[in-house]
Amino acid sequence: MDRKDILKVMENIYTSQEAAEYLGMSYEAFCQIVQSQQIQPIKQSHTVMLFLKSDLDDYQKMSHLQESFNINQVSVRDAILYYTIQQYLDNSDKKTLAFIQQIKQFYHFDFHAGLKINIPFLASQFHITEQEFYNSYLQVKKAFTQLPANTHIIKKGEDKYPQQLADTKEAPLFLFVNGQIDLLYQKSICVVGSRQASPHAIEQTKQLVKALVDDGFVVNAGLAKGIDTVVHQTVLQNKGQTIAVIGTSLHEYYPKENQTLQLTIEKEGLVVSQYPPCQHVNRWNFPKRNATMSGLSIGTVIMEARENSGTLKQADYALRQGRYVFIPQYIVNDTSLQWPQKYMDKGAYVFETYDDMIKIIKNQKQEEC
């Protein structure tokens, strides 16, 4: 093959950056598609990946045939405008809600008045041009198109918003959900633990989760490494129902190795996020999602945690929200740990067997009656 032939062949071979530009998407979005194996490189090394133009064309054709996320729903348009406003208020829900309450009170601001009215008004409030605000709106709108096609956005105050979560101080304004929405309204228990799980904790978790499934509970976890992953896998293996409450937007996967598990839960259970696609993943997302995970559950079981573990944030939220917190006896018996006694003093329950835990719940319910 001479130089001319080689150059002709190379015209149909693209680098990652060239492929992303050809498909009209960001480099980051293209990388996610490659990671999910929707497009496969013809050659890959530590520094470069090469793609055939024909493979890119095939992907583009299939994408056009697939159903896309409907951004024209009222709740979606509300969310897009809300998160556009939020970008000018440090991405803070507290500041954004206070700002919206203020402009409603003093200027009778209406989310549904239309962009022709709302954009000039909001631009003046933030001392920017209308075009600048509109560009921000378009960026947020474009980000929302990345959401999975079956995504539902539920706003606090709507009938579909789970009341048990709505009653908590930490309830997010919007929930992004994909899967069996009815699981939001069923009796559920959250099971969490260490990312670096011990063999004993893994085995105990499997036994507990199977018992919960057999008893008809929806079992919630956070799709993290370690115990969370064991929880979701055990539920699915036993034909149960599970909710994954994640710390990223629905179109992202963290950790990456749990992408297949997340996609499976979307089909067989429910994935819930409080984070829009226009926000970057931050480390503080994950503790905040623990409040949502606790709020959706009647109680939380801590299967394993080291001192000052992030897992204990879940216990803190659960106790604040008036939920059960359960600690297995084998954790209490570990004399190297001080946190179990601390949480027992705050109202956490200790159990040795699954039946012990269920008796605590039933006895408490009878006292409430």
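These are my notebook entries on what I looked up in this structure, which is a predicted model.

**Entry 1: the whole chain**

I began with the overall picture. The chain has 369 residues, and 48% of them are buried. I found 17 helices and 12 strands. The C-alpha trace spans about 75 × 65 × 35 Å along its principal axes.

Next I looked at the contacts with a separation of 6 or more, and 68% of them come from residues 24 or more positions apart. The exposed area is about 19700 Å², with carbon and sulfur atoms supplying 48% of it. I also looked up the charges: there are 37 positive and 39 negative side chains. The centres of those two sets lie 2 Å apart.

**Entry 2: the annotated span**

I turned to the record for a landmark. UniProt, in an unreviewed entry, places "domain: Smf/DprA SLOG" at residues 153-360. In the model this span is 39% helix and 19% strand. Its end C-alpha atoms lie 35 Å apart.

**Entry 3: helix H11**

How many of the residues in helix H11 are buried? I get nine of 11 for this helix, which runs over residues 227-237, so I noted H11 as mostly covered. The buried ones are Ile 227, Asp 228, Thr 229, Val 230, Val 231, His 232, Thr 234, Val 235 and Leu 236.

I then asked what these buried residues pack against. Three strands are on the list: S6, S7 (218-221) and S8 (242-246). Helices H10 (199-214), H12 (259-268) and H13 are on it as well. Just after H11, I noticed that Lys 239 takes a positive phi of about 60°.

**Entry 4: helix H14 and its cover**

Helix H14 covers residues 311-320. I listed its buried residues as Thr 311, Leu 312, Gln 314, Ala 315, Tyr 317 and Ala 318. A reminder to myself on helices: with 3.6 residues a turn, residues three or four places apart point the same way.

Which elements cover the buried side of my list? Among them are helix H13 (285-295) and helix H16 (339-346). Strands S6 (188-192), S10 (299-302) and S11 (324-328) are also included. Just after H14 comes Gly 322, with a positive phi of about 75°.

I picked Asn 290 for a closer look, and its place is in helix H13. Is Asn 290 buried or exposed? It counts as buried, because its relative accessibility is 8% and the cut-off is under 20%. Leaving aside neighbours within four places in sequence, Asn 290 is in contact with Lys 313, Gln 314 and Tyr 317.

**Entry 5: aromatic pairs**

The structure holds 21 aromatic pairs. I looked up Tyr 83 and Phe 174, a tilted pair at 5.7 Å centre to centre, with 45° between the planes. This pair links distant parts of the chain: Tyr 83 is in helix H5 (residues 74-87) and Phe 174 in strand S5 (residues 174-179), 91 residues apart. Tyr 83 and Phe 174 are both buried.

A second pair I looked up is Tyr 324 with Tyr 349, also tilted, at 6.1 Å centre to centre and 55° between the planes. Tyr 324 lies in strand S11 and Tyr 349 in strand S12 (residues 349-351), so this pair ties together parts 25 residues apart in sequence. Tyr 324 counts as buried at 8% relative accessibility, whereas Tyr 349 counts as partly exposed at 27%.

I went back to Tyr 83 and Phe 174 once more. They belong to one aromatic cluster with Tyr 82, Phe 144 and Phe 176.

**Entry 6: two residues with some exposure**

Where is Trp 284? I found it in the loop between strand S9 (270-273) and H13. Trp 284 counts as partly exposed, at 47% relative accessibility. The C-alpha atoms of Trp 284 and Gly 247 are 8.7 Å apart in space, though these residues are 37 apart in sequence.

My last stop was Gln 163, in helix H9 (residues 163-166). Gln 163 is exposed, because its relative accessible area is 53% and the cut-off is over 50%. Its C-alpha atom is separated by 8.8 Å from that of Leu 296, 133 residues away along the chain.

Methods:
Residues are numbered from 1 along each chain as its sequence is written. This is a predicted model: local features need pLDDT of at least 70, side-chain atom pairs count only at pLDDT 80 or more; totals for chains, interfaces and linings use all residues. Side-chain values use heavy atoms; hydrogens and water are left out. Helices (H or I, at least four residues) and strands (E, at least two) are DSSP runs, numbered from the N terminus. Buried means under 20% relative accessible area, exposed over 50%, partly exposed in between (1.4 Å probe, protein chains only). Contact means heavy atoms within 4.5 Å. Accessible areas come from the Shrake-Rupley method with a 1.4 Å probe; for residues, only the protein chains shown count as cover. Lys and Arg count as positive and Asp and Glu as negative; His and the chain ends are not counted. The place of a charge is taken as NZ of Lys, CZ of Arg, CG of Asp or CD of Glu. UniProt positions are given in the numbering used here, feature names are shortened, and annotations may be inferred rather than shown by experiment. Rings of Phe, Tyr and Trp (its six-membered ring) pair if their centres lie within 6.5 Å; planes under 30 degrees apart count as stacked, over 60 as edge-to-face and the rest as tilted.
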